[in-house]
Amino acid sequence: MKNPFYNRDIITIKEFNRSELEYLFSVADKIEKLDYERKKELAKGRILGLLFFEPSTRTRLSFEAAMLSIGGNVLGFAHPSMSSVEKGENLADTVKTVESYVDAIVLRHPMEGANRFAAEIASKPVINAGSGTEEHPTQAMLDLYTIMKVKGRINGLNIAIVGDLKYGRTVYSLIYALSNYSPRIFLVSPPQLKVRSEALFNISDKIKFSEHEDLKEIIKNLDVIYVTRIQRERFPDPHEYERVKGSYVIDVDLLKSGKEDCMVMHPLPRVGEIKPEVDKMPNAKYFLQIYYGKVIRGALLASIFNPDPYDLL
Ligand code: NCD
């Protein structure tokens, strides 16, 4: 298959079908096995710009680690106060400036549509690292890759997505990505935080899903529990947040009432949704997601920079 990622913007996961995602997974499998020296050839001499207008630990450092691991370099800012944005510079000028220094741009921004806008302005590829409540496509790539690695398949799995389904951008990218397969999706949230109907409108003819409030009622069916943080910073009213915070807490007892091999995922950061006691259970896969996040982002960058990364693998 021709490399579908070469020189391409990554704004929404909706633009990538199953065979394209699986192309990426197979590049990732190969890169993971590559020796140190060969890996360093994949982005030799390339520079990645990281523009983070919102806080991040994993996504930013994982892009950075991925780029360094394939022989490239990075520059950018982790907070807009460290840039001329603080002086009032607009996003278009920031993007125009940085694209002169780099080969691709990773952008995280609080506004929906900011990434699409940046991609229209920039002549270099733009990778969406989170756009408001809209999407976080590379998170979904690593989420699916982790499920594949642990379960060996996605079709036929019972997958619950739990927590803040209204404001969590990882939720949307995950739902869209899963709709390339045929799992059964259980959407579990308080009534105020149900998934926005636009997402279901897009996928309802492709995938089986149902909405729930009580995780305990369905736990016995589940192969995957994907837990999300209630997105405090996105609530228009802090009182609303107070009403729903702590709605779901995954603990050892809950997991013991489910399937023995039910895997627990989380894009992280967690703020109480998964008790630390769960970390030592074999079910806990959220730290594995972090590891595969670096691998998949390395594969994505290598595929964006090289017309045929297989030549180098
Ligand atoms: C997520 C995000 O920023 O959307 N974090 C991440 O990138 N892994 C999830 C969150 O902030 O809750």
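**Exercise 1. Count the aromatic pairs in this predicted model and classify the one formed by Phe235 and Tyr241.**

Solution. Ring centres within 6.5 Å make a pair, and by this rule the count is ten aromatic pairs. For Phe235 and Tyr241, the centres are 5.6 Å apart. The angle between their planes is 75°. Planes over 60 degrees apart count as edge-to-face, so the pair of Phe235 and Tyr241 is edge-to-face.

**Exercise 2. State whether Phe235 and Tyr241 are buried or exposed.**

Solution. The cut-off for buried is under 20% relative accessible area. Both Phe235 and Tyr241 are buried.

**Exercise 3. Find which residues form one aromatic cluster with Phe5.**

Solution. Phe5 forms one cluster together with Phe16, Tyr23 and Tyr310.

**Exercise 4. Identify the rings over which the charged ends of Lys14 and Arg196 sit.**

Solution. Take Lys14 to begin with: its charged end sits over the ring of Tyr176, 4.5 Å from the ring centre. For Arg196, the ring is that of Tyr172, and the distance to its centre is 4.0 Å.

**Exercise 5. Describe the surroundings of the ligand, its polar contacts and its cover by the protein.**

Solution. Step one is the list of residues around the ligand, among them Thr59, His136, Gln139, Arg169 and Pro267. Step two is the polar contacts. A ligand oxygen lies 3.0 Å from a side-chain N or O atom of Arg108, and a ligand oxygen lies 2.8 Å from a side-chain N or O atom of Arg229. A ligand nitrogen is 3.0 Å from a polar backbone atom of Leu268. Step three is the cover: on its own the ligand has 320 Å² of accessible area, of which the protein covers 94%.

**Exercise 6. Say which pocket the ligand takes up.**

Solution. The space taken by the ligand is the largest pocket.

Notes:
Residues numbered from 1 in each chain as written. Predicted model: local features only at pLDDT ≥ 70, side-chain atom pairs only at ≥ 80, totals over all residues. Heavy atoms only, no water. Phe/Tyr/Trp six-rings, centres within 6.5 Å; stacked < 30°, edge-to-face > 60°. Buried < 20%, exposed > 50% of the residue type's maximum accessible area, 1.4 Å probe, protein only. Lys NZ or Arg CZ within 6 Å of the ring centre and 35° of its normal. Near = heavy atom within 4 Å. Polar contact = N/O pair within 3.5 Å; in protein donor to acceptor, adjacent residues only side chain to side chain. Areas by Shrake-Rupley, 256 points an atom, 1.4 Å probe, with all protein chains shown as cover. 1 Å grid on protein atoms, 1.4 Å probe; cavity = no way out; pocket = protein on both sides within 12 Å on 5 of 7 lines; lining within 4 Å. Sits in = over half its atoms within 2 Å of the grid points.
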